[in-house]
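Thank you all for coming; I would like to walk through one structure with you this morning, slowly and one place at a time. Please have the sequence and the model open while I talk.

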Amino acid sequence: MKKIKKLLVSTMALMMTFGAVACGGGGGGVPSLPNSSGQGSSSSVSTPDEGGDDNSDYVPVNPFTLNVYSFSGGYGTDWMESLITRYKKERAGDEIWVNGIKYDGIHINKTYAKHILESMIGTGEQYDVWFQEQVYYNQYVARGDLFHDMTDVLTSENPYEPGKTLESKMSEEQKAYYERDGKYYGVPHYAGYVGIVYNKQMFDSNWCYLKKDYDKDKLETEPAWCFVSNLDEPRTPGPDGIEFTDDDGLPTTYAEFYALCEYIAGSNKPITWSGKHRHGYLSWFLMALSANNEGLQQISLNYTYDGTATNLVAVTEDAEGNVTETPLEDLAITPANGSELAKQRGKYYALDFLETIVDNNWYTETSFSQTNEQTDAQRDFVMGVDNTSERASMLIEGCWWEMESKESFDSLKQGGGVTNPKDNFRWMPLPCIDDEAAAERAASIQAGGKGYTLTDTHNSLCFIGKQVSDDVYAIAKDFIQFAYTDESLADFSIITDTTKAVQYKMTNSQKAKMSAYGRSLMDMQEKADIVCTFAENDFYQKNETRFVDYKTLYDAVYDGKTVQVCVDEFKKGVSATKYFNGMIANQKDLWDRYIIF
């Protein structure tokens, strides 16, 4: 293993901070107006039903058609098929009046596609109910022609869940953001986290767990001695600091993670990711690492621009590669000086994390292949091979990866001997920079508080189309309220092995229907502060389209050029220090173009 860089100047370790979630959203340029076609929507669907009709026993003779668009990327369509089936059974035999016409039931005409809302504006496609991601909420509300007022959908008592409202399932920060002049125009849809998935079967087979009371002096020099020699040997208590839980033996710090990678490298490749989409996925991953390093309070400054930055650093490197980290004074952050947040210590160590992986060749060759789609990386990870017969034990991916890997899981199941191959995988807690941060995280979890920090990057939304008539709105409202009952939310999680971006509790019997991977994700979310990548302040909202372009957050400028994919630069020999300072320069340049209040 290449020597892990040591700092010449000792600095105080990052102290993880835990507090309230900070959310928000904003403006930017938009395409031309959609082509409104009047009231109702039975003729507004441009693509036919896909996936067949539902399995309801009741088939109305003369049903009213509610048109629903559901973004099908990542989370798939099975959850929507289940929702439609259950809803039509719930409404079986009901008399429905729409625009003076009586119907004897409801039919859902659903459209599944991977087009985000931004690409559909101006095409003339209209739907009654939308389930979308990457929704620029503030700028779309300001347009006035896309969203129907949904205030009573969220604030009135849910007829399917007496005593509850959709609004009650939103966090205080979500309420503050989505409320505009006393009105709501949408409700959060699913949560999108990016992190590390690990193959537990491979971890078990190769004893990839740190043994209890291992010699820390051997982590870098002789990592193999730090891992158990059999699965019965006592392990470290893991990231949560609690013995005999599912994370026992998993790495808690960067040093432990690097030792794990070196240990795995003796027989397999430690980690992989989509080569073709590495810019986007690794940008999301850098956001996740940075938030994990900084904690909720500090990372949220990147959206609120209101508070004191306490972890800013200057990082330099001499000709021999020795790195010096110098703490900077605390700084009151405002929109005018927001570019200074590029100096956050957690962002430097996020870059250093990926540089260490690249420098030590801990990745598969396909991780840099332009033809390696995310589905290819998922398939190779699930099946245990890639194009060069290198097996990867970990995958950098989104929490939704299971649904995209359905064919691979089906192949394993059909091969025999595997009841549920999804149980072979788990969501891994990201490691902390050092022992001090790891100890504080564990102490918070043990005290019943939040220990992890997850970043929801997808800004997904459920909303009603502006054009619907009052009668169609009433049906759309009813459908959405049914979709947001605890039962429906749990059904979504059971089917997708992911989570919705609202608050709900699942029973143990419901969780038991999820895969072991899904339960590991749900367990982490329950112990995590959630960072929403938006904010309610005017500055963020007016510059929203710039801020939500996650691929620019970690761009850098140096040697007279702009570079965008940090791992490509690391492979060329560029250091995390050089890239970090180039990132600071790039953010300073971008800030001059923002609208400052």
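How many salt bridges does the structure hold? This is a predicted model, and the structure holds 26 salt bridges. Side chains of opposite charge can pair when their charged atoms come close. Let me take a few of these pairs in turn.

Please find Lys110 and Glu81, which form a salt bridge whose closest N and O atoms are 3.6 Å apart. This pair links distant parts of the chain, since Lys110 is in strand S4, residues 106-113, while Glu81 is in helix H1, residues 78-90, and the two are 29 residues apart. Is Lys110 buried or exposed? Lys110 counts as buried because its relative accessible area is 2%, under the 20% cut-off for that word. Glu81, with a relative accessible area of 15%, is buried as well.

The next pair is Asp478 with Arg91, a salt bridge in which the closest N and O atoms are 2.8 Å apart. Here too distant parts of the chain are linked, with Asp478 in helix H16, residues 470-483, and Arg91 in the loop between H1 and strand S2, at a separation of 387 residues along the chain. Both of these residues, Asp478 and Arg91, are buried.

The third pair I have chosen is Asp486 and Lys164, whose side chains meet in a salt bridge at 2.6 Å, N to O. Asp486 belongs to helix H17, residues 486-496, whereas Lys164 is in the loop between helix H4 and helix H5, so that this pair, 322 residues apart, links distant parts of the chain. Asp486 is buried, at a relative accessible area of 18%, but Lys164 counts as partly exposed because its relative accessibility is 32%. This pair also belongs to something wider, as salt bridges that share partners join Glu161, Lys164, Lys169 and Asp486 into one network.

Now, by way of contrast, please turn to Arg426, which is in strand S16, residues 425-428. Which side chain of opposite charge is nearest to Arg426? It is Asp246, which is 5.6 Å away, and Arg426, although buried, has no salt bridge; the cut-off for a salt bridge is 4 Å between a side-chain nitrogen and a carboxyl oxygen. What we do find is that a polar atom of the Arg426 side chain lies 2.5 Å from the backbone oxygen of Asp423. Farther along the sequence, Arg426 touches several residues, among them Tyr198, Lys200, Tyr517 and Ser520.

Tyr198 is also one of the residues touched by Leu250, and others on that list include Phe203, Leu210, Met428 and Pro429. Leu250 is in the loop between helix H7 and helix H8, and it is buried, with a relative accessible area of 2%. Its C-alpha atom is separated by 8.1 Å from that of Cys208, although these two residues are 42 residues apart along the chain.

Finally, let us look at strand S18, residues 461-464, which is covered on both faces, with Leu461 and Phe463 buried on one side and Cys462 and Ile464 buried on the other. Strand S5, residues 129-132, pairs with S18 in the antiparallel sense over four bridges, and Val129 has Ile464 as its bridge partner. Strand S8, residues 187-188, also pairs with S18 in the antiparallel sense, over two bridges, and there Pro188 stands opposite Leu461.

Conventions: Residues are numbered from 1 along each chain as its sequence is written. This is a predicted model: local features need pLDDT of at least 70, side-chain atom pairs count only at pLDDT 80 or more; totals for chains, interfaces and linings use all residues. Side-chain values use heavy atoms; hydrogens and water are left out. Buried means under 20% relative accessible area, exposed over 50%, partly exposed in between (1.4 Å probe, protein chains only). Lys and Arg count as positive and Asp and Glu as negative; His and the chain ends are not counted. A polar contact is a pair of N or O atoms within 3.5 Å; within protein, one must be able to donate a hydrogen and the other to accept it, and residues adjacent in sequence count only if both atoms are side-chain atoms. Contact means heavy atoms within 4.5 Å. Two strands pair if DSSP finds at least two bridges between them. Lists of a residue's contacts leave out its neighbours within four places in sequence.
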